[in-house]
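Trainee: Could you zoom in on one small part of this model with me and go through it slowly? After that, I'd like to know how that part sits in the rest of the chain.

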Amino acid sequence: LDIPASVTESGNTYQVTSVLENAFYYCALDAGGSEGCDGYVELTKVLLPNTLKKIGLQAFYSQSIKEIVIPPSVTVIEDCGLCDNYFSTLTIPQGVEVIEDNAFSYQYVGENSEIRSLLNVHFDGDFKAGYSLNMFRDSPNLATITYCSNADGWPVSFNIADNFVPPDVFVEASATECINSNAVVKKIPTVPRSLMLVLMILLGL
């Protein structure tokens, strides 16, 4: 799927700035428009335009995407915007300000033992106030998170623990090439599930 930077309708040209809520949700591509999946085609590769600013709620939920590059223009990735897919590596541009719960979640061994494994993630910029610690939830195979040494807010404790993995899982970061070729290696622990439950009780969640 190649999403264009602009579309023309009735002689007017509009810039593409968002992939809307549920735009490519599983079965949403049903060509017949019925509630079933007749004519449905799973996405395996997505090309996003440099005009894009937001990936909406469940925009690409439960697809089969193996290749995707988030353009530097993106500032918001909403809940489950890219969750339940097949890509193993991901780079978060420094311009992204908001990443909601479960944005990249549910990367695990699924039905029929297919592998949905997010293994390596690189952040080009600071850890932002708008970043959810639950963005990688249910991604037990996540092995490395890398970030640049001149970036602020790292490391952080992401919660990737769930009912299917032990609470003492750790995320190990490895060196990677940064914008200024200045990366660091850090061990980034996850939040133990027991502590998360205590925090949720205290916060009334």
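Mentor: Let's start with a cut-off, since we need it straight away: a residue counts as exposed when its relative accessible area is over 50%, and as buried when that area is under 20%. Also keep in mind that this is a predicted model.

The part I'd pick is the hairpin of strand 1 and strand 2, which has 2 residues between the strands. Strand 1 covers residues 6-9 and strand 2 covers residues 12-15; the two run antiparallel, with 4 bridges joining them. To get your bearings, find S6 and look across: Q15 in strand 2 stands opposite. Now go to the loop between the two strands, where you'll find S10. Its phi is positive, near 55°, and S10 is not a glycine. That's worth a pause, because most residues other than glycine have a negative phi. What about its surroundings? S10 has a relative accessibility of 70%, so by the cut-off above S10 is exposed.

There's a nice counterpart elsewhere. N102 isn't a glycine either, and its phi is positive too, about 65°. This residue belongs to the loop between strand 9 (98-99) and strand 10 (120-123). With a relative accessible area of just 9%, though, N102 is buried. So we have a positive phi in an exposed loop residue, S10, and a positive phi in a buried loop residue, N102.

Now zoom out. The protein chain has 1 helix and 15 strands, and 42% of its 205 residues count as buried. If you count contacts with a separation of 6 or more, 51% of them are between residues 24 or more positions apart. On the outside, the chain exposes about 10600 Å², of which carbon and sulfur atoms supply 52%.

The rings give you something concrete to follow inside. There are 13 aromatic pairs in the structure. One of them is F24 with F60, a stacked pair at 5.3 Å centre to centre and 10° between the planes. F24 comes from the loop between strand 3 (18-19) and strand 4 (45-46), F60 from the loop between strand 5 (54-55) and strand 6 (67-68), so the pair ties together parts of the chain 36 residues apart. Both rings belong to buried residues, F24 and F60 alike. F136 and F158 make an edge-to-face pair instead, with 5.1 Å between centres and 75° between planes. Here the link spans 22 residues, from F136 in the loop between strand 11 (130-131) and strand 12 (144-148) to F158 in the loop between strand 12 and strand 13 (170-172). F136 and F158 are both buried as well, and they're also members of a cluster linked by ring pairs, along with F104, F123, F127, Y131, Y147 and W154.

And how far should you trust the picture? The chain's average pLDDT is 77, with 66% of the residues scoring at least 70. Residues 29-34 fall below 50, and the model gives that stretch 14 contacts beyond near neighbours in sequence. Residues 185-193 stay under 50 too, with 38 contacts beyond four places in sequence. I'd leave the fine geometry of such stretches alone, because predicted coordinates should not be read in detail where pLDDT is low.

Notes:
Residues numbered from 1 in each chain as written. Predicted model: local features only at pLDDT ≥ 70, side-chain atom pairs only at ≥ 80, totals over all residues. Heavy atoms only, no water. Pairing = 2+ DSSP bridges. Buried < 20%, exposed > 50% of the residue type's maximum accessible area, 1.4 Å probe, protein only. pLDDT = per-residue confidence, 0-100. Contact = heavy atoms within 4.5 Å. Phe/Tyr/Trp six-rings, centres within 6.5 Å; stacked < 30°, edge-to-face > 60°. Areas by Shrake-Rupley, 256 points an atom, 1.4 Å probe, with all protein chains shown as cover.
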